[in-house]
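I set out to record what can be read from the coordinates of this chain. My entries begin with one strand pairing and widen from there.

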Amino acid sequence: MKSSRKELWFNTPTRRAFINITRQVEAALAESGVREGLVLVNAMHISASVFINDDEPGLHRDYEAWLERLAPHEPLDQYRHNDTGEDNADAHIKRQVMGREVVVAVTECRLDFGPWEQIFYGEFDGMRRKRVLVKIIGE
């Protein structure tokens, strides 16, 4: 069995962003030499997410609006976490909703997706450097 590990780094210029990272994960898979197996992709920061969905800008705006209604950034004093001097309690909640990681099957050297599926990095407390782990195992 082979295994491969790669880190992807992001520093978004905005507090929140959705970035399609499918091509970067595909490149990591190609480098790994794995033909059949699994790819784990996970955000290595508690205020960021990795998820699979459609790469459609309207859907991303819908996510943004829905998440902000669910866990609004302000007022900051609505969250006990922010009593510590932080201002990112909402980002922790948004991450919990959107998920930490995805696992994708690898078949014949390719990510085995359904129609329209893409992998995204979701940033909820940006403007600083964060990483995503890509771990690949298989034959």
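**Entry 1: The sheet**

I began with β3 and β8, which run antiparallel and are joined by seven bridges. The model I am reading is a predicted one. Within this pairing I looked up Val 41 and found that Val 134 in β8 stands opposite.

I then turned to β1 and β8, also antiparallel, and read nine bridges between them. Here Glu 7 has Leu 133 of β8 as its bridge partner.

Next I examined β5 and β6, an antiparallel pair with two bridges. I noted Val 106 in this pair, whose bridge partner in β6 is Leu 111.

In what order do the strands of the open sheet lie? I read the order as β1-β8-β3-β5-β6, five strands with antiparallel pairing. Why is one side of β1 and of β6 left without a neighbour in the sheet? Both strands stand at the edges and have a single partner strand each, so one side of each has no neighbour there. I located β6 at residues 110–111.

**Entry 2: The chain as a whole**

I stepped back to the secondary structure and recorded three helices and eight strands. Along the sequence their pattern is β-β-α-β-β-α-α-β-β-β-β.

I took the extent of the chain along its principal axes, where the C-alpha atoms fill a box of roughly 50 × 30 × 20 Å. The chain has 139 residues, of which 42% are buried. Of the contacts with a separation of 6 or more, 82% are between residues 24 or more positions apart.

For the accessible surface I noted about 7600 Å², with 52% of this area belonging to carbon and sulfur atoms. I recorded 19 positive and 23 negative side chains. The centres of these two sets are 5 Å apart.

**Entry 3: Nonpolar cores**

I looked for the largest nonpolar core and found that it holds 21 residues. Which of its residues touch the most other members? They are Ile 21, Val 25, Val 39, Val 41, Ile 119, Val 132 and Val 134. I next asked where the core residues come from: β1 (2–10), α1 (22–32), β3 (37–43), β4 (48–53), β5 (101–107), β7 (118–123) and β8 (130–138) each supply at least two. Val 41, noted above for standing opposite Val 134, is thus met again in this core.

I followed Ile 21 further, setting aside its neighbours within four places in sequence. Its contacts are Leu 8, Phe 10, Val 41, Ile 119, Phe 120, Tyr 121 and Val 132.

I also found a second, separate core of eight residues, among them Tyr 63, Leu 67, Ala 91 and Met 98.

**Entry 4: Helix α3**

Ala 91 and Met 98 of the second core led me to α3, which spans residues 89–98. Which residues of α3 are buried? I listed Ala 89, Asp 90, Ala 91, Lys 94, Arg 95 and Met 98. The buried residues of this helix pack against β3, β4 and α2 (57–70).

After α3 comes Gly 99, for which I read a positive phi near 100°. In the loop between α2 and α3 I located Pro 75. Glu 74 and Pro 75 are joined by a cis peptide bond, with omega about 0°.

**Entry 5: Loops and backbone angles**

I searched for positive phi values outside glycine and noted Glu 108, with phi near 50°. Glu 108 is placed in the loop between β5 and β6. Is Glu 108 buried or exposed? I count Glu 108 as exposed, because its relative accessibility is 59% and the cut-off for exposed is over 50%.

Met 127 likewise is not a glycine and has a positive phi, about 75°. I found Met 127 in the loop between β7 and β8. Its relative accessible area of 53% makes Met 127 exposed.

Met 127 also appeared when I looked up Asn 11, a residue of the loop between β1 and β2 (17–20). Beyond residues up to four places away in sequence, Asn 11 touches Met 127, Arg 128 and Arg 129. Lastly I took the separation of the C-alpha atoms of Asn 11 and Leu 111: 26 Å, for residues 100 apart along the chain.

Note on methods. Residues numbered from 1 in each chain as written. Predicted model: local features only at pLDDT ≥ 70, side-chain atom pairs only at ≥ 80, totals over all residues. Heavy atoms only, no water. Helix = DSSP H or I, 4+ residues; strand = E, 2+ residues; numbered from the N terminus. Buried < 20%, exposed > 50% of the residue type's maximum accessible area, 1.4 Å probe, protein only. Contact = heavy atoms within 4.5 Å. Areas by Shrake-Rupley, 256 points an atom, 1.4 Å probe, with all protein chains shown as cover. Lys, Arg positive; Asp, Glu negative; His and termini not counted. Charge placed at Lys NZ, Arg CZ, Asp CG, Glu CD. Core = buried A, V, L, I, M, F, W, Y, C linked by side-chain atoms within 4.5 Å. Pairing = 2+ DSSP bridges.
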